[in-house]
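Hi,

Here is the structure I said I would pass along. Have a look at it first, and my notes follow below.

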Amino acid sequence: ASAVDIRKVNKYYGPFHALKDVDLAIPPGKVTCLIGPSGSGKSTLLRCINFLEEYDSGEIRIDGQLIGYEVPGRKMSGRKLRQMRRSIGMVFQQFNLWPHMTAKENVAEGLIRVRGLSKSEAETRAAEALTKVGLADKMGNHPARLSGGQQQRVAIARAIAMEPRLMLFDEPTSALDPELVGEVLNVMKALASEGMTMVVVTHEMGFAAHVADQVAFMEKGELVAVDSPQGIFHAP
Ligand code: ADP
Ligand code: ADP
């Protein structure tokens, strides 16, 4: 079974048809990269997966459960939707860290507020997550005292500390200076090799070619090709 099953999904912004009958199966434990020109609908599709964006028709299922709707047309309650979202980690282009908190506090906050862990349990888990992304020595730093690459790694640590079943990345390296891109991609690559299910919107073709298991190419709201990286990048 797929981790995420996207069937005939359509999305409109007013009269603008942003997603056109999109069909895509996201295999569990694998990396799927979404590529394509700017404005082709990649971010919209990603945001539909955790219902940050409502889709107009079709279905998106996560581990078989319809996301956003109880049945087509009838929306999930806010409580159910929040519960569902908690099992999905998302990393954005902007790091969205709290400036007044240290790296460790940024990661621990969600564990305390959402998971209900005690402060000390949350800090232990935050320390583990930060160690995993290579920031064991920066846990006491505030975001202003971290590089962009380090801030994005804190954002990744914050997501993985919640033990998500699925991680969504929306152009996670696009806001970074070129010399900081590699450290973030390497953390993502390490997550991939642990078998995390990942969907990654990216312009990093090296990453898509060498790390993805599946590449989906979008153009003008349509998924025009889904294949292995070999199939996408070395087609005649
Ligand atoms: P990509 O991620 O591939 O760059 P997006 O999914 O961000 O593309 O956008 C797809 C299209 O939908 C673009 O033409 C964009 O202008 C349009 N769009 C995105 N968000 C909105 C919105 N909130 N309102 C209206 N149009 C939007
Ligand atoms: P870019 O297209 O930005 O130059 P790279 O090609 O350097 O990106 O690679 C991006 C990511 O893919 C890095 O994490 C890198 O370690 C990984 N990568 C690049 N080439 C290979 C390869 N041949 N085998 C495995 N991983 C690779």
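I'll start at ligand 2, where one of its oxygen atoms sits 2.5 Å from a polar side-chain atom of glutamate 204. Keep in mind that this is a predicted model. Asparagine 186 has a side-chain N or O atom 3.0 Å from an oxygen atom of ligand 2. Histidine 210 comes in on a nitrogen atom of the ligand instead, with an N or O atom of its side chain at 3.4 Å. On its own, ligand 2 has 540 Å² of accessible area, and the protein covers 50% of that. Two elements give two or more residues to the shell, namely α6 (178-193) and α7 (205-210). The full set of residues around ligand 2 is Leu185, Asn186, Lys189, Glu204, Gly206, Phe207, His210 and Val211. Sorted by class, that shell holds three nonpolar, three polar and two charged residues.

Next, the sheet. It is an open one with four strands in the order β2-β1-β4-β5, and the pairing is antiparallel. The edges are taken by β2 (16-26) and β5 (65-66); each has a single partner strand, so one side of each is left without a neighbour in the sheet. As a general point, strands of a sheet pair through backbone hydrogen bonds, either parallel or antiparallel. Here, β1 (residues 4-13) and β4 (residues 57-62) are joined in the antiparallel sense by five bridges. If you want a place to see this pairing, valine 4 has isoleucine 62 in β4 as its bridge partner.

Two single residues also caught my eye. Is glutamate 53 buried or exposed? With a relative accessible area of 17%, which is under the 20% cut-off, glutamate 53 counts as buried. You'll find glutamate 53 in the loop between α1 (42-49) and β4. Its side chain makes a polar contact with the side chain of tyrosine 13, at 3.2 Å. Leaving out residues up to four places away in sequence, glutamate 53 touches Lys11, Tyr13, Thr44, Arg47 and Cys48.

The other one is alanine 108, in helix α3 (residues 103-113). Alanine 108 is buried too, with a relative accessible area of 2%. Which residues does alanine 108 contact, beyond its neighbours within four places in sequence? They are Ala122, Glu123 and Ala126. Alanine 157 is 49 residues from alanine 108 in sequence, and their C-alpha atoms are 9.8 Å apart in space.

Cheers

Conventions. Residues are numbered from 1 along each chain as its sequence is written. Chains are lettered from A and ligands numbered from 1 in the order in which they are written. This is a predicted model: local features need pLDDT of at least 70, side-chain atom pairs count only at pLDDT 80 or more; totals for chains, interfaces and linings use all residues. Side-chain values use heavy atoms; hydrogens and water are left out. Two strands pair if DSSP finds at least two bridges between them. A residue is near a molecule or strand if one of its heavy atoms lies within 4 Å of it. A polar contact is a pair of N or O atoms within 3.5 Å; within protein, one must be able to donate a hydrogen and the other to accept it, and residues adjacent in sequence count only if both atoms are side-chain atoms. Accessible areas come from the Shrake-Rupley method with a 1.4 Å probe; for residues, only the protein chains shown count as cover. Ala, Val, Leu, Ile, Met, Phe, Trp, Tyr, Cys and Pro count as nonpolar, Asp, Glu, Lys and Arg as charged, and the others, Gly among them, as polar. Buried means under 20% relative accessible area, exposed over 50%, partly exposed in between (1.4 Å probe, protein chains only). Contact means heavy atoms within 4.5 Å.
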